[in-house]
Amino acid sequence: YRIAYNTYSMEMEIYGLICFIGYFMGFVFIFMTASMLYFNQIMAAQDEKNQYRALRRIGMSEKTERKVIIKRLLPVFLIPLAVGIVHSIFAMKSADTMVFSNLISVDNSYLHVLESSMVMYAVYALVYTIFYFITKSQYMRIVRSDMI
């Protein structure tokens, strides 16, 4: 029994190390991509400031302007989030087949891996949501900066 326990303990340590590395790289990737989207949209706001000024001159209300900005920014953050999560679900199947199925001694290791990955998916969605709201408020501030 001691040999089986030592083998199980070593496998769990390897699984924990792989999960830690995956989570760390995931956090770095998430913040990097969200920051890139943020800065890209802020630069676009600077470029589009004159267009919004012209639209205000011809009678666009603040409410309509807010809706336009929301509809412009939402796909920029939502599409990469959805594609990233779907890609990750399929990538976890490959990782389970190549690595985790040998380390995890449960009937369906893929479901266990997906359960562990749910934390990362939630953090991914949370970070993108926070960056979306920050970007939206900064975008509106930049576009309205010349309103007096």
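These are my notebook entries on a predicted model of a protein chain, from the overall fold down to single side chains.

**Confidence and fold**

I looked up the confidence before anything else, and the protein chain averages a pLDDT of 84, with 87% of the residues scoring at least 70. Taken by element, confidence is lowest in helix α2 (residues 62-103), at a mean of 84, and highest in helix α3 (residues 109-143), where the mean is 87. For secondary structure I noted 3 helices and 0 strands, which read along the sequence as α-α-α.

**Burial and contacts overall**

Of the 148 residues, 31% count as buried, and the chain exposes about 9900 Å², of which carbon and sulfur atoms supply 70%. I then looked at contacts with a separation of 6 or more, and residues 24 or more positions apart account for 82% of them.

**A nonpolar patch**

On the surface I found a nonpolar patch of about 630 Å², made by L17, F20, I21, F24, M25 and V28. I picked out F20, which lies in helix α1 (residues 2-57), and I recorded F20 as exposed because its relative accessible area is 55%, over the 50% cut-off.

**Around E65**

I turned next to E65, which has its place in helix α2 and is buried, with a relative accessible area of 1%. Leaving out residues up to four places away in sequence, I listed Y52, R56, M60, V143 and R144 as the residues that E65 touches. One of these, R56, forms a salt bridge with E65, and the closest N and O atoms are 2.8 Å apart; both R56 and E65 are buried.

**The other salt bridges**

The count of salt bridges comes to 4. I followed R144 to E62, a salt bridge with its closest N and O atoms 4.0 Å apart. That pair links distant parts of the chain, since R144 sits in the segment after α3 and E62 in helix α2, 82 residues apart. E62 counts as partly exposed, at 44% relative accessibility. Salt bridges that share partners join R56, E62, E65 and R144 into one network.

I also looked up the salt bridge between E48 and R72, whose closest N and O atoms are 3.1 Å apart. This pair, too, links distant parts of the chain, with E48 in helix α1 and R72 in helix α2, 24 residues apart. I entered E48 as buried because its relative accessibility is 17%, under the 20% cut-off, whereas R72 is partly exposed, with a relative accessible area of 25%.

Definitions and conventions:
Residues are numbered from 1 along each chain as its sequence is written. This is a predicted model: local features need pLDDT of at least 70, side-chain atom pairs count only at pLDDT 80 or more; totals for chains, interfaces and linings use all residues. Side-chain values use heavy atoms; hydrogens and water are left out. pLDDT is the predictor's confidence in each residue, from 0 to 100. Helices (H or I, at least four residues) and strands (E, at least two) are DSSP runs, numbered from the N terminus. Buried means under 20% relative accessible area, exposed over 50%, partly exposed in between (1.4 Å probe, protein chains only). Contact means heavy atoms within 4.5 Å. Accessible areas come from the Shrake-Rupley method with a 1.4 Å probe; for residues, only the protein chains shown count as cover. Patches are made of residues with over 30% relative accessible area and no salt bridge: like charges are joined within 9 Å, nonpolar side chains (Val, Leu, Ile, Met, Phe, Trp, Tyr) within 5 Å. A salt bridge is a side-chain nitrogen of Lys or Arg within 4 Å of a carboxyl oxygen of Asp or Glu.
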